[in-house]
Amino acid sequence: MSVSIKSSIVLIQFRITMSSIFNKIDLLAISNSFHSDGYFIVRNVFSSEICQQLASLAEAQLEQLQIPVEFETDVKYPGAPTSKHTEGGKTVRRLKGAYARGDLFKQVAKAEIVKQILSELFKSNRLVLNQNHHNSIMTKCPRFSSVTLWHRDTRYWSFESEKLINVWLALGNENHENGCLRVLPGSHLLDISKGRFDDESFLKIEHPDNQRILKSAQEIELNAGDVLFFNSRLIHAAGQNHTDEIKYSLVYTYHDETNKPIENTSSSKLPEVKIS
Ligand SMILES: O=C(O)CCC(=O)C(=O)O
């Protein structure tokens with residue numbers, strides 16, 4: 001089967017999946033749960049064919065080291081190889097610029113179901129994807145991946161308001177073994193003093209007040225095609241990949257049109273994409 005015929009079949013399946021899931025979702029229930037917990041998982045949003053196609057594209061781009069990429073050594077998180085010259089030193093943590101990596105990546109970013117849910121969560125249908133943040137295919141690799149410590153994504157971003165939402169699509173199964181995300185439910189609502197974070201804005205785990213909230217940690221186990229929506233203030237972390245297979249996840253960040261990136265910051269470098 002040629003690549004183009006295969007791609008059209010995937011696109012038809014994409015539309016069928018979208019129409020069938022619409023019948024099953026309850027936007028108000030999603031919104032209520034999202035606003036109290038800071039996250040919500042919608043199961044089976046994208047078909048396994050679409051996820052496989054996205055993962056194959058990601059795999060090919062990873063093999064070719066198609067830029068822009070971030071290496072594990074760039075972030076120096078715990079467990080990452082210490083230099084590019086040691087074993088595993090060229091391990092990629094994420095393929096950046098996901099939105100521009102192909103039509104299917106754009107289609108997922110603008111999928112009707114994603115827009116519908118985000119419109120409900122933002123109470124706005126003027127939605128914008130920011131290409132500077134997340135906008136990545138996370139490539140958690142065997143042996144050389146690192147631990148992501150507890151943080152809020154607002155540490156990376158400069159916006160007028162912290163009202164941003166991440167959309168995380170699992171392209172394969174995500175679980176404890178391969179380093180799934182962990183979250184502190186409701187932590188987006190907490191007012192946490194600066195002193196409880198370290199110099200890099202990671203939660204100090206030895207702090208007694210942090211010890212208390214860490215007891216509520218939940219692992220986010222996902223199957224291919226499941227989508228996690230989470231508030232950018234939600235405190236989250238992730239483990240290393242202890243399996244033999246790369247874990248691929250596609251993640252985008254959105255806001256509503258009234259919330260602008262601050263000029264001349266990392267949040268305003270690449271143009272934004274209106275998705276509705
Ligand atoms: O998969 C991971 O290691 C977590 C990634 C993450 O939390 C982030 O990039 O903000």
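In strand β9, Glu219 is the bridge partner of Arg182. The helices and strands named here are DSSP runs (H or I of at least four residues for helices, E of at least two for strands), numbered from the N terminus. Arg182 sits in a pairing where β8 (residues 181-183) and β9 run antiparallel over two bridges, and DSSP finding at least two bridges is what it takes for two strands to pair. Everything here belongs to a predicted model, in which local features need pLDDT of at least 70, side-chain atom pairs count only at pLDDT 80 or more, and totals for chains, interfaces and linings use all residues. Residues are numbered from 1 along each chain as its sequence is written.

Zoom out to the sheet. It is open, made of four strands in the order β6-β11-β8-β9, with antiparallel pairing. At the edges are β6 (148-151) and β9 (218-219), each pairing on one side only.

Now to the ligand. Around it you'll find Met138, Lys140, Thr148, Asp153, Leu181, His236 and Ala238; a residue counts as near a molecule if its C-beta atom, placed from the backbone, lies within 6 Å of it. β5 (136-140) and β11 (236-238) each supply at least two residues of that shell. By type, the shell splits into three nonpolar, two polar and two charged residues. Here Ala, Val, Leu, Ile, Met, Phe, Trp, Tyr, Cys and Pro count as nonpolar, Asp, Glu, Lys and Arg as charged, and the others, Gly among them, as polar.

Next, the backbone oddities. Most residues other than glycine have a negative phi, and most peptide bonds are trans. Asn44, in the loop between β1 (39-42) and α3, has a positive phi near 55°. Asn44 is partly exposed, with 15 other C-beta atoms within 10 Å (20 or more would make a residue buried, 12 or fewer exposed, in between partly exposed, with C-beta atoms placed from the backbone). Leu65 also has a positive phi, near 50°, and is exposed, with 11 such neighbours within 10 Å. Leu65 lies in the loop between α3 and β2. Pro68 is in the loop between α3 (48-63) and β2 (69-71), and the peptide bond from Ile67 to Pro68 is cis, with omega near 0°.

Finally, the inside. The largest nonpolar core has 59 residues, and Val167, Leu169, Leu171, Phe229 and Tyr254 have the most contacts inside it. α3 gives the most to this core, with six residues. Such a core is a set of buried Ala, Val, Leu, Ile, Met, Phe, Trp, Tyr and Cys residues joined through C-beta atoms within 7 Å.
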